[in-house]
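Please open the model in your viewer and keep the sequence panel beside it. The tour begins with the whole chain and then stops at a single residue.

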Amino acid sequence: MTQFMDVHHGMKGITAEGLLEAHRADLAVEGEEGVHFERAWADPESGTVYCLSSAPSAAAVQRVHDKAGHRADEIHPVPVSV
């Protein structure tokens with residue numbers, strides 16, 4: 001499985017509770033697409049949210065986010081990490 005980092009814009013003011021709620025929404029449907037969301041980060045000031053997942057494809061990641069109600073603006077494969 002490939003890791004993906006996706007980015008959401010326009011979530012200015014997001015709280016830790018809001019981020020956790022969005023992450024839980026992803027977790028609730030991730031199995032339908034063979035995706036596993038590992039972690040999420042947010043910058044409330046800029047409204048940027050980042051999610052790290054393992055998935056068969058970027059399209060599968062987007063389908064999970066669509067079902068959870070927060071479409072990603074960018075999805076990037078992460079082929080190398082240390």
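Here is what to select, step by step.

This is a predicted model, in which local features need pLDDT of at least 70 and side-chain atom pairs count only at pLDDT 80 or more, while totals for chains, interfaces and linings use all residues. Residues are numbered from 1 along each chain as its sequence is written, and side-chain values use heavy atoms, with hydrogens and water left out.

Begin by selecting the whole chain in a cartoon view, where two helices and four strands appear (helices are DSSP runs of H or I with at least four residues, strands runs of E with at least two, numbered from the N terminus). Following the sequence, you will meet them in the pattern β-α-β-β-α-β. The C-alpha atoms fill a box of roughly 35 × 30 × 20 Å along the principal axes.

Next, colour the chain by burial: of its 82 residues, 38% count as buried, a word used for a relative accessible area under 20%, found with a 1.4 Å probe and protein chains only.

Now select strand β3, residues 48-55, and find V49 within this strand. Is V49 buried or exposed? V49 is buried, since its relative accessible area is 3%.

Finally, show what surrounds V49: leaving aside residues up to four places away in sequence, V49 touches D6, V7, H8, M11, I14, L19, W41 and A42, where contact means heavy atoms within 4.5 Å. Add a distance label from V49 to L19, which lies 30 residues away in sequence and 8.3 Å away in space, C-alpha to C-alpha.

How values were computed: Buried < 20%, exposed > 50% of the residue type's maximum accessible area, 1.4 Å probe, protein only.
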